[in-house]
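The following exercises concern how two chains are arranged and how they meet. Please examine the structure before reading each solution.

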There are 2 protein chains.
Amino acid sequence: MKKVKVYITLKESVLDPQGQAVMQSLHNMNYPDVQDVRIGKYIELQMEDGADIAQKVDAICDRLLANTVIENYRYEIEEEVRS
Amino acid sequence: MKKVKVYITLKESVLDPQGQAVMQSLHNMNYPDVQDVRIGKYIELQMEDGADIAQKVDAICDRLLANTVIENYRYEIEEEVRS
């Protein structure tokens, strides 16, 4: 079993109104040090292991998780550690 | 200037209906290898550097970014690299 960590971020050129709202709130809360905020998604998948796991994760991100018109994604595949 | 990467995840004990919906979609799309999906947030902050930056990020996460009743957060503080 593998744990796949997927990070989905808006492309640089895409405006992030949610991030701007958070930044404005932080300024109002007296954190003027924050100069920019960008909000993305972090998705953890538990997947069965297999030789083609990277291709599967690519396909899953392209087809469902990310909107590749406006978003980039990257991922890490880790061995699942059961505590 | 520092780049702070904040990862916000639901606590283990909290149900994730959005993740379950994504998993069901993936099964319908013929990816039965996916056994679990958990959806969180990934937030990038650009902050001015300072000795107390870690305390500030903790406070920002506690007060605004994360709902600590149901969510955990972790973060990494990196030197900003301007390309």
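## The interface between the chains

**Exercise 1.** Determine how much area chain A and chain B bury between them, and which residues of chain A supply most to it.

*Solution.* In this predicted model, about 3100 Å² is buried between chain A and chain B, and 62% of this area lies on carbon and sulfur atoms. On the side of chain A, A:Tyr31, A:Asp33 and A:Tyr42 supply 20% of the area buried against chain B, more than any other three residues. The contact involves 33 residues from chain A and 32 residues from chain B.

**Exercise 2.** Identify the relation between chain A and chain B.

*Solution.* Step one: a turn of 180° with a shift of 0.0 Å along the axis lays chain A on chain B with an RMSD of 0.0 Å. Step two: this is therefore the relation of a two-fold axis. Step three: the residue of chain A that comes closest to the rotation axis is A:Lys41, at 2.2 Å (C-alpha). Step four: the copies meet through the same surface, because 97% of the interface residues of chain A are also interface residues in chain B.

**Exercise 3.** Describe how helix 1 of chain A crosses helix 2 of chain B.

*Solution.* Step one: the axes of helix 1 (residues 17-28) of chain A and helix 2 (residues 53-65) of chain B come within 11 Å and cross at roughly 110°. Step two: angles of 65 to 115 degrees count as roughly perpendicular, so helix 1 of chain A is roughly perpendicular to helix 2 of chain B. Step three: the crossing is right-handed. Step four: A:Val22, A:Ser25 and A:Leu26 make the contact with B:Ile60, B:Leu64 and B:Leu65. Of the residues in this contact, five are nonpolar, one is polar and none is charged.

Technical notes. Residues are numbered from 1 along each chain as its sequence is written. Chains are lettered from A and ligands numbered from 1 in the order in which they are written. This is a predicted model: local features need pLDDT of at least 70, side-chain atom pairs count only at pLDDT 80 or more; totals for chains, interfaces and linings use all residues. Side-chain values use heavy atoms; hydrogens and water are left out. Axes are lines fitted to C-alpha atoms, for helices over the stretch in contact, and angles run from 0 to 180 degrees between N-to-C directions. Helices (H or I, at least four residues) and strands (E, at least two) are DSSP runs, numbered from the N terminus. Angles under 35 degrees count as roughly parallel, over 145 as roughly antiparallel, 65 to 115 as roughly perpendicular and the rest as oblique. A crossing is left-handed if the near helix is turned anticlockwise from the far one by less than a right angle, and right-handed if clockwise. Contact means heavy atoms within 4.5 Å. Ala, Val, Leu, Ile, Met, Phe, Trp, Tyr, Cys and Pro count as nonpolar, Asp, Glu, Lys and Arg as charged, and the others, Gly among them, as polar. Copies are superposed by least squares on the C-alpha atoms of residues with pLDDT of at least 70 in both. Buried area is the accessible area (1.4 Å probe) that two parts lose on being put together, summed over both.
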